Amino acid sequence: QVRLVESGGGLVQAGGSLRLSCVASGNFLEINVMGWHRQAPGEQRELVAHITNDGTTLYADSVKGRFTISRDVAKNTVYLQMNSLKPGDTAVYYCAGEIQSLGYLSDYWGQGTQVTVSS
C-alpha cells in the first residue's frame, strides 16, 4: 500500500510564505511524478505544480514566480515553497504522485492540508 502524507499547511497573512512537504511511503518501485493540486471551496481541483523524476517542473500560470516545487528523490519527498501568498491561494492542497507499485502505474493522493491566506 502506498501512502502520501502532507504537512506544513496553516494560516498566514497575505504576502507571507509557507512550505508544504509530502512524503511517500509504502511498497512501491518508483515514483515518476510528484505534484501539488489545490481545491478552493466551490471550485474544481486544479494543478498547482508538478515535478518529474528528472527534475522537469510545470507550474500553473497563477503561481509562476511565487511558488517553487522541489523533490528529494532519496527521501521520497516533494516540497512546495509558497511565497508572496495571496488570499486567492486559500485552498486545500493535495499531494499527488504517479507511482509504480505491484506492477501497476497508478495515481495516489494525500489527504490534503489546509492553506488559508488572510488579507
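The exercises below, each with a worked solution, concern a predicted model.

**Exercise 1. Determine where arginine 66 is placed, whether it is buried or exposed, and which residues it touches.**

Step one is to locate the residue: arginine 66 belongs to the loop that joins strand E6 (57-59) to strand E7 (67-72). Step two is the classification, for which the cut-off for buried is under 20% relative accessible area; arginine 66 has 10% relative accessibility and therefore counts as buried. Step three lists its contacts, where residues up to four places away in sequence are not counted: arginine 66 touches Gln81, Met82, Asn83, Ser84, Leu85, Lys86 and Asp89.

**Exercise 2. Describe the pairing of E9 and E10, and find which residue of their hairpin takes a positive phi.**

Begin with the strands, E9 covering 91-101 and E10 covering 104-109, which pair in the antiparallel sense over six bridges. Within this pairing, glutamate 98 has aspartate 107 of E10 as its bridge partner. Turn next to the connection, where two residues lie between the strands and leucine 102 takes a positive phi near 55°. Finally, because its relative accessibility is 64%, leucine 102 counts as exposed.

**Exercise 3. Characterise asparagine 76 by its place, its phi and its accessibility.**

Asparagine 76 is in the loop between E7 and strand E8 (77-82), and its phi is near 55°, a positive value in a residue other than glycine. With a relative accessibility of 25%, asparagine 76 counts as partly exposed.

**Exercise 4. Identify which members of the largest nonpolar core touch the most other members, and which elements give two or more residues to this core.**

The largest nonpolar core has 30 residues, of which Trp36, Leu80, Met82 and Tyr93 touch the most other members. Two or more residues of this core come from each of strand E1 (2-7), strand E3 (18-26), strand E4 (30-39), strand E5 (46-52), E7, E8, E9 and strand E11 (113-118). As background, nonpolar side chains in soluble globular proteins tend to be buried together. To follow one member further, leave aside the neighbours of tyrosine 93 within four places in sequence; its contacts then include Trp36, Leu80 and Met82, and also Glu6, His37 and Arg38.

**Exercise 5. State how many aromatic pairs a search of the whole structure finds, and which arginines lie over aromatic rings.**

The search of the whole structure returns zero aromatic pairs. For the arginines, the charged end of arginine 19 sits over the ring of tyrosine 79, 4.1 Å from its centre, while arginine 45 lies over the face of tryptophan 109, at 4.8 Å from the ring centre.

Technical notes:
Residues are numbered from 1 along each chain as its sequence is written. This is a predicted model: local features need pLDDT of at least 70, side-chain atom pairs count only at pLDDT 80 or more; totals for chains, interfaces and linings use all residues. Side-chain values use heavy atoms; hydrogens and water are left out. Helices (H or I, at least four residues) and strands (E, at least two) are DSSP runs, numbered from the N terminus. Buried means under 20% relative accessible area, exposed over 50%, partly exposed in between (1.4 Å probe, protein chains only). Contact means heavy atoms within 4.5 Å. Rings of Phe, Tyr and Trp (its six-membered ring) pair if their centres lie within 6.5 Å; planes under 30 degrees apart count as stacked, over 60 as edge-to-face and the rest as tilted. A charge sits over a ring if NZ of Lys or CZ of Arg is within 6 Å of the ring centre and within 35 degrees of the ring normal. A nonpolar core is a set of buried Ala, Val, Leu, Ile, Met, Phe, Trp, Tyr and Cys residues joined through side-chain atoms within 4.5 Å. Two strands pair if DSSP finds at least two bridges between them.
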